[in-house]
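Trainee: Could we go through the labels on this model one by one? I'd like to see the reasoning behind each.

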Amino acid sequence: MTTMIEVRNVSKAFGGVQANKDVSIAVPEGKITGLIGPNGSGKTTLFNSIVGYHPIDEGSIRFEGTEISRMKVQEIARLGLLRTFQQTRIYGKMDCVRNMLISVPQRTMGWSDMFGEQFSAEDKEKAEHLLEFVGLYAKRNLLAGDLSFGQQKLLEFAMALMNEPKILLLDEPTAGINPTLINGLIDRLKRVNDEFGITLFVIEHNMRVIMNLAEHIYCMAHGQMLAEGTPDTIRNDQRVIDAYLGAH
Ligand SMILES: Nc1ncnc2c1ncn2[C@@H]1O[C@H](COP(=O)(O)OP(=O)(O)OP(=O)(O)O)[C@@H](O)[C@H]1O
Ligand SMILES: [Mg+2]
């Protein structure tokens, strides 16, 4: 099994808050790996560190063997490592197709791209195909700002796929999604992994979802890695149970 992302002994503090402390993980290529933990345990901070959103204080982060902990977000994205946000990042005043088209970072954007019709027919076709894949084809010409929160998250997911990443880090993909649509989203995530060959690393609060989706799960608590293992191991780990019970 090849390791795609290797995080070793990473620490990150914000002022007096030790958001990540001595965190180590290995995300295997081609699989779906989960990351759980109570609110404030440091999950999003770990994602932010991996994608270069902020510098880390200590440790090492490798992507396919290359040290990326001092690289910029765009450089890391170009290597094929992308993430989605817990709060979506879309352009509310543009329609869905246009959001898709401008999400490709390699594109050098100019005013004509923003307002003209400079995108290739191939890209438009790809955008529409991916919108269909996430179930938003009927909404493709609506302004992204007019979509529900759940639909905006699906749009953001499709925007990430537009870039054909090697690995996608998803921060709570089912949060805010209508419960009746969650099973469909789980199937799509599995297809992205299976058919598109994209490795997934997923933060999720919904235990049913992550147990169904991930082969291997990491659990954080108080900024540290508490436990790791198969869904069954994690489900029955007393430290994990205590961390969640103690959080309420
Ligand atoms: N930019 C920041 N500035 C200051 N403190 C931060 C910042 N980002 C995170 N923190 C703090 O770091 C800790 C970990 O936060 P983080 O967002 O990583 O947790 P999380 O596990 O993603 O939580 P949740 O499940 O609620 O999303 C929290 O105490 C949080 O307040
Ligand atoms: Mg978070």
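What follows is a talk about salt bridges, burial and strand pairing in this predicted model.

Trainee: Let's start with Glu215 and Lys31. Why is this pair called a salt bridge?

Mentor: The label needs a Lys or Arg side-chain nitrogen within 4 Å of an Asp or Glu carboxyl oxygen. The N to O distance between Lys31 and Glu215 is 3.7 Å, so the pair counts.

Trainee: And what does the pair tie together?

Mentor: Glu215 sits in the loop between α8 and β9, and Lys31 in the loop between β2 and β3, so the bridge links parts that are 184 residues apart in sequence.

Trainee: Are those two buried or exposed, or in between?

Mentor: In between. Partly exposed runs between the 20% and 50% limits; Glu215 has 48% relative accessible area and Lys31 has 25%, so both get that label.

Trainee: Now Lys126 and Glu164. What makes Glu164 exposed?

Mentor: Its relative accessibility is 56%, and exposed means over 50%, so Glu164 qualifies. Lys126, at 26%, is partly exposed. The two form a salt bridge with their closest N and O atoms 2.9 Å apart. Lys126 lies in helix α5 and Glu164 in the loop between α6 and β7, so this pair joins parts 38 residues apart in sequence.

Trainee: Where do Arg235 and Asp232 lie?

Mentor: Both are in helix α9, three residues apart, about one turn of the helix. Their closest N and O atoms are 3.2 Å apart, within the 4 Å limit, so they form a salt bridge too.

Trainee: How many salt bridges does the rule give?

Mentor: Nine.

Trainee: Then why does Arg83 have no salt bridge?

Mentor: The nearest side chain of opposite charge, Asp171, is 4.3 Å away. The cut-off is 4 Å, so the pair misses it. Arg83 is buried, in strand β6. Its side chain does make a polar contact with the side chain of Asn48, at 2.8 Å; the limit there is 3.5 Å, so that distance fits.

Trainee: What makes Cys96 and Cys219 buried?

Mentor: Cys96 is at 0% relative accessibility, and so is Cys219. Buried means under 20%, so both pass. The structure holds zero disulfides.

Trainee: Last one: how do you know that β1 and β2 pair?

Mentor: Pairing takes at least two bridges, and β1 and β2 have eight in the antiparallel sense, so they pair. One of the bridges joins Ala13 to Gln18. In the hairpin, which has two residues between the strands, Gly15 takes a positive phi near 55°.

Methods
Residues are numbered from 1 along each chain as its sequence is written. Chains are lettered from A and ligands numbered from 1 in the order in which they are written. This is a predicted model: local features need pLDDT of at least 70, side-chain atom pairs count only at pLDDT 80 or more; totals for chains, interfaces and linings use all residues. Side-chain values use heavy atoms; hydrogens and water are left out. Helices (H or I, at least four residues) and strands (E, at least two) are DSSP runs, numbered from the N terminus. Buried means under 20% relative accessible area, exposed over 50%, partly exposed in between (1.4 Å probe, protein chains only). Lys and Arg count as positive and Asp and Glu as negative; His and the chain ends are not counted. A polar contact is a pair of N or O atoms within 3.5 Å; within protein, one must be able to donate a hydrogen and the other to accept it, and residues adjacent in sequence count only if both atoms are side-chain atoms. A disulfide is a pair of cysteine sulfur atoms within 2.5 Å.
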